[in-house]
Amino acid sequence: MKQCIVGSGLIGSFLGSVIALNGGDIKFVARGEWLARLQQPLTLTDYKGHKANVPAANIHSPNVTEKYDVIWLTVKCTALKDMANVLSPLLHPRSIIICCQNGVGSHHIMLRAFPHHQVLRAMVPFNVVVQGQHLHKGSQGELVIEDSGDKTLNQRLLSTVRHNLLEAHISDDIEPVQWAKLQLNLGNGVNALADMPVKAMLQQRPYRRVIASLMDELLNVTGAAGIALPKVANIHGRWIPRVLRLPNGLFTLLAKQMLAIDPSVKTSMWWDLNNGKTTEKTFLYGAVVSKAEELNVAVPYNRAIISLLREAEEQGNKQHRYRALSPETLEARVREQM
Ligand SMILES: NC(=O)C1=CN([C@@H]2O[C@H](COP(=O)(O)OP(=O)(O)OC[C@H]3O[C@@H](n4cnc5c(N)ncnc54)[C@H](OP(=O)(O)O)[C@@H]3O)[C@@H](O)[C@H]2O)C=CC1
Ligand SMILES: CC(C)(CO)C(=O)C(=O)O
């Protein structure tokens, strides 16, 4: 099975390196600093203490015609619009595209671009941080791959990714899984605006209160839509807002597992905002807002965060650096936007 990672950043490089460790036939479409990094050996580790060394990767050469059976699409949602041109030369008629983006619904862009191909979704629950040639999986969770409808293919996909560095399973109902993950990702914008590691952010109650309100709105929307969210973190999503609102002392005591993350972990949205890129705001918060509009549910916090992120992106473009929001300012600014 010839496989290719398209969009080799944090998630793609980690996933592809695990496939290489498993002996998979895998190449990478990479550019910039990641191309340079993948051309050298890498070390992979995880928060449980597993470690593996990976030799230099096989890079896909745009000058050679090469088609792949499986494409793991690991670009940000914001890059999907450019993927028709990138993927077309890599696909044969039976190639499968696996969309690994956060959020809900962005795979439709690929379904529209490639209506004759099978487009599957995967949910990536864990965080990856990079330091030089070292990729570290800093948090827990199993990769969830959408059921392809073909048991043999499902097994082949699982065996290509399963490793002590990466647990994975198949889901025959991925959309609720994506909504459950999206609930966790509603912290991404707060993290980006706070401009600090996730662990430090979670230690400040006003930041947690904003995240809790964003999550309450998602729970109202999924409740109204009749979507039953599966448990994708240590605590079921329905309890997370309550836990987040606890005073600091109680929170530290009861949310030990939530705080058991590498102190350097920052969300993917933090990386985008800090690199002056457009964030995935309309694919994450925007998915909540669109569903809420369909169902006539109020989601003022999710709308407000989109505005604040847009403002921060504009500031970043003009001044090369956006202003981090203190927890009190963030709460006040969110209320002001509502
Ligand atoms: N980071 C994390 O810990 C997690 C991320 N996710 C989700 O996974 C997805 C991927 O995120 P992440 O790995 O962080 O993203 P990254 O930005 O680290 O990686 C994406 C890579 O794709 C490259 N790329 C974009 N467009 C093209 C193109 N046209 N041709 C070739 N390469 C291209 C980017 O290059 P360039 O930078 O030059 O644009 C970048 O190297 C997102 O949806 C994210 O929300 C999910 C769980 C955790
Ligand atoms: C794992 C998590 C929730 C936080 O890092 C993430 O998905 C992201 O950074 O986008």
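Here are three short exercises, with worked solutions, on a predicted model.

**Exercise 1: the surroundings of ligand 1**

Find which residues come nearest to ligand 1, and which elements give two or more residues to the shell around it.

*Solution.* Start with the ligand and look outward. There are 25 residues around ligand 1, and those that come nearest are Gly7, Gly9, Ile11, Gln101 and Asn102. Next, turn to the elements: helix H1 (10-21) and helix H2 (32-38) each give two or more residues to this shell. H1 provides the largest share, three residues. Finally, sort the shell by class: eleven residues are nonpolar, ten are polar and four are charged.

**Exercise 2: a hairpin**

Work out how strands E9 and E10 pair, and what lies between them.

*Solution.* First locate the strands: E9 covers residues 128-131 and E10 covers residues 134-137. Now check their sense: they pair antiparallel, over four bridges. For one facing pair, take Val129, which stands opposite His136 in E10. Last, follow the chain through the turn: two residues separate the strands of this hairpin, and Gly132 in the turn has a positive phi of about 60°.

The hairpin's residue numbers can be set beside a record: UniProt, in an unreviewed entry, lists residues 4-147 as "domain: Ketopantoate reductase N-terminal". That span is 22% helix and 36% strand, and its end C-alpha atoms lie 19 Å apart.

**Exercise 3: the nonpolar core**

Describe the largest nonpolar core and say where its residues come from.

*Solution.* Begin with the count: this core has 100 residues, and Ile71, Leu73, Ile98 and Ala122 have the most contacts inside it. Then trace the sources: helix H9 (residues 205-225) gives the largest share, eight residues. Domain 1 (2-172) and domain 2 (182-337) each supply at least three residues to the core. As background, nonpolar side chains tend to be buried together in soluble globular proteins.

Technical notes. Residues numbered from 1 in each chain as written. Chains lettered and ligands numbered in written order. Predicted model: local features only at pLDDT ≥ 70, side-chain atom pairs only at ≥ 80, totals over all residues. Near = placed C-beta within 6 Å. Nonpolar A, V, L, I, M, F, W, Y, C, P; charged D, E, K, R; others polar. UniProt positions renumbered as here; feature names shortened; annotations may be inferred. Pairing = 2+ DSSP bridges. Core = buried A, V, L, I, M, F, W, Y, C linked by C-beta atoms within 7 Å. Buried ≥ 20, exposed ≤ 12 C-beta atoms within 10 Å, placed from the backbone. Domains from an automatic or database assignment.
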